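Hi everyone, thanks for making time for this. I'd like to walk you through one structure, beginning with a single side chain and its neighbours and then stepping back to the whole chain. Please have it open on your screens.

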Amino acid sequence: MTTWIITTDEPGDGPRLAVKDAIDVAGLPTTAGCQAVAERAEPAAADAPVVASARAQGARIVGKTNLNELCVAADGVNPWAGTPVNPLDPSRVPGGSSSGSAVAVATGEADVAFGTDTSGSVRIPAACCGIAGLKTTNGRVPLDGVYPLAPTLDTVGPMGRDVAAVVLGMRLIEPGFTPVPYEESMSIARLRLDERVFEIDPAIDAAVDDALRRLGPVADVTSEHYHDAATANGLYVADEGWRQNAHLVQDPPKMSGRIHRRLQVLEDVAGSGMLGWAAEVRKAIRAEFEEIFTRHAAVALPVLPVVAPEPDDDDNADLLLTSLNGQINVAGLPAFALPVPLPGSHLPASVQLIGPAGGEERLCGIAAALEAALA
């Protein structure tokens, strides 16, 4: 069981930064948490731009963190490198794919961590481990030096124990990043999903509602395209993820059987010829959210429909974990994950605050106000 692929001991007194091992750090190989990649990997010639920027702000790289193999799962389980332990409940998954990054900040081994998010891989482990995380607007943060899964959807974002740590992470990526303070005139839209399609634990829904009510008035909204956008996310991951990783399927002993089977499923789906449909869905859900943002500052819903589940051998946990998240990657929008109390449970719920493209500054301000209201 391990949080880290490799630890470093960089000197200095700047913030301690953990980097998901899908992001290049100069002098270290990028393994993507997979033996088949690790055996081919050369030490990176240079830092990825996000890491270079963080170093320029004085950050100290404390190590490269563990993840699901190839970023192709959401539970954080890794049979090759070990599975990071969920600090809230060791019997539960840490969430993934940025599992080690979440655990590193939850346990205090890092002040900030960088993760990647294609279908929820920053928000899901943040929710499972009770920390904060920000999925950035598609295209805002450079992806150079980042192991790709689906470049159309891939993003890099910061994770921290609280909102202030996430803001620090954004400042390491973008010097001068400044949240826009929440004002009472800002209204929040609460996204309600068809319970016949999206099975959300009523206690989770209630916890999110209770948290939002402490901030101010909330207006319910619905989505015509949220279900289709989940399918579109899967199509992009299949098409682009297969092209990225097809050369690895000749090495089944060098990856877990589950991930090898999943790559074969990606190959099957990649040939479906439905990318044109996915592109139409992408436009439709983006337009739907943009219309909501003419009336509301943010849209809110849970990150997860359940608390962090126990590991299982099939994909049920994975499907649950991603069910509410990949749609936002398809829409290309930023989303902030913040823990909220779940009465009667030793585990928290997590609220997902979604903003307009480029709206990270305002999202961070809303998240800070909500965090303060819950304190």
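Let's start at Trp 80. Leaving aside residues up to four places away in sequence, Trp 80 touches Thr 31, Gly 33, Cys 34, Gln 35 and Ala 38. One thing to keep in mind throughout is that this is a predicted model. Where does Trp 80 sit? You'll find Trp 80 in the loop between β3, residues 60–65, and α3, residues 99–106. Its relative accessibility is 37%, so Trp 80 counts as partly exposed. There is also a long-range relationship here: Trp 80 and Lys 254 are 174 residues apart in sequence, yet their C-alpha atoms are 8.4 Å apart in space.

Now to the backbone, and a bit of background first. Most residues other than glycine have a negative phi, and most peptide bonds are trans. With that in mind, here are some spots to click on.

Ala 32 is not a glycine, but its phi is positive, at about 50 degrees. Ala 32 belongs to the loop between β2 (16–20) and α1 (35–38). Is Ala 32 buried or exposed? Its relative accessibility is 0%, so Ala 32 counts as buried.

Cys 71 is another non-glycine residue with a positive phi, this one about 65 degrees. Cys 71 is in the loop between β3 and α3, and that is also the loop where we found Trp 80. With 7% relative accessibility, Cys 71 counts as buried.

Stay with that loop a moment longer, please. The peptide bond running from Gly 96 to Ser 97 is cis, with omega near 5 degrees. Ser 97 lies in the loop between β3 and α3.

That brings me to Ser 121. Which residues does Ser 121 touch, not counting those up to four places away in sequence? They are Lys 20, Ala 73, Gly 96, Ser 97, Ser 98 and Thr 116. So both residues of the cis bond, Gly 96 and Ser 97, are among the contacts of Ser 121. Ser 121 itself lies in the loop between β4 (112–117) and α4 (123–129). With a relative accessible area of 6%, Ser 121 is buried. As for its distance to Thr 3, the two are 118 residues apart in sequence and 16 Å apart in space, C-alpha to C-alpha.

Next, the aromatics. How many aromatic pairs does a search of the whole structure find? The answer is two. I'll show you the pair made by Phe 289 and Phe 293: the ring centres are 6.1 Å apart and the planes are at 35 degrees, so this pair is tilted. For the classification, planes under 30 degrees apart count as stacked and those over 60 as edge-to-face. Both partners are buried: Phe 289 has a relative accessible area of 2%, and Phe 293 has 14%.

Let's zoom out. The chain has 12 helices and 11 strands. A compact globule of 375 residues would have a radius of gyration near 21 Å, and the chain has 19 Å, which agrees. Along the principal axes, the C-alpha trace spans about 55 × 50 × 35 Å. Buried residues make up 58% of the 375. Of the contacts with a separation of 6 or more, 76% come from residues 24 or more positions apart.

Finally, the surface and the charges. The chain exposes about 13,900 Å², with carbon and sulfur atoms supplying 53% of that area. There are 27 positive and 48 negative side chains, and the centres of the two sets lie 2 Å apart.

That's my tour. Thanks for listening, and I'm happy to take questions.

Key
Residues are numbered from 1 along each chain as its sequence is written. This is a predicted model: local features need pLDDT of at least 70, side-chain atom pairs count only at pLDDT 80 or more; totals for chains, interfaces and linings use all residues. Side-chain values use heavy atoms; hydrogens and water are left out. Helices (H or I, at least four residues) and strands (E, at least two) are DSSP runs, numbered from the N terminus. The radius of gyration is taken over C-alpha atoms; the globule rule is 2.2 Å times the number of residues to the power 0.38. Buried means under 20% relative accessible area, exposed over 50%, partly exposed in between (1.4 Å probe, protein chains only). Contact means heavy atoms within 4.5 Å. Accessible areas come from the Shrake-Rupley method with a 1.4 Å probe; for residues, only the protein chains shown count as cover. Lys and Arg count as positive and Asp and Glu as negative; His and the chain ends are not counted. The place of a charge is taken as NZ of Lys, CZ of Arg, CG of Asp or CD of Glu. Rings of Phe, Tyr and Trp (its six-membered ring) pair if their centres lie within 6.5 Å; planes under 30 degrees apart count as stacked, over 60 as edge-to-face and the rest as tilted.
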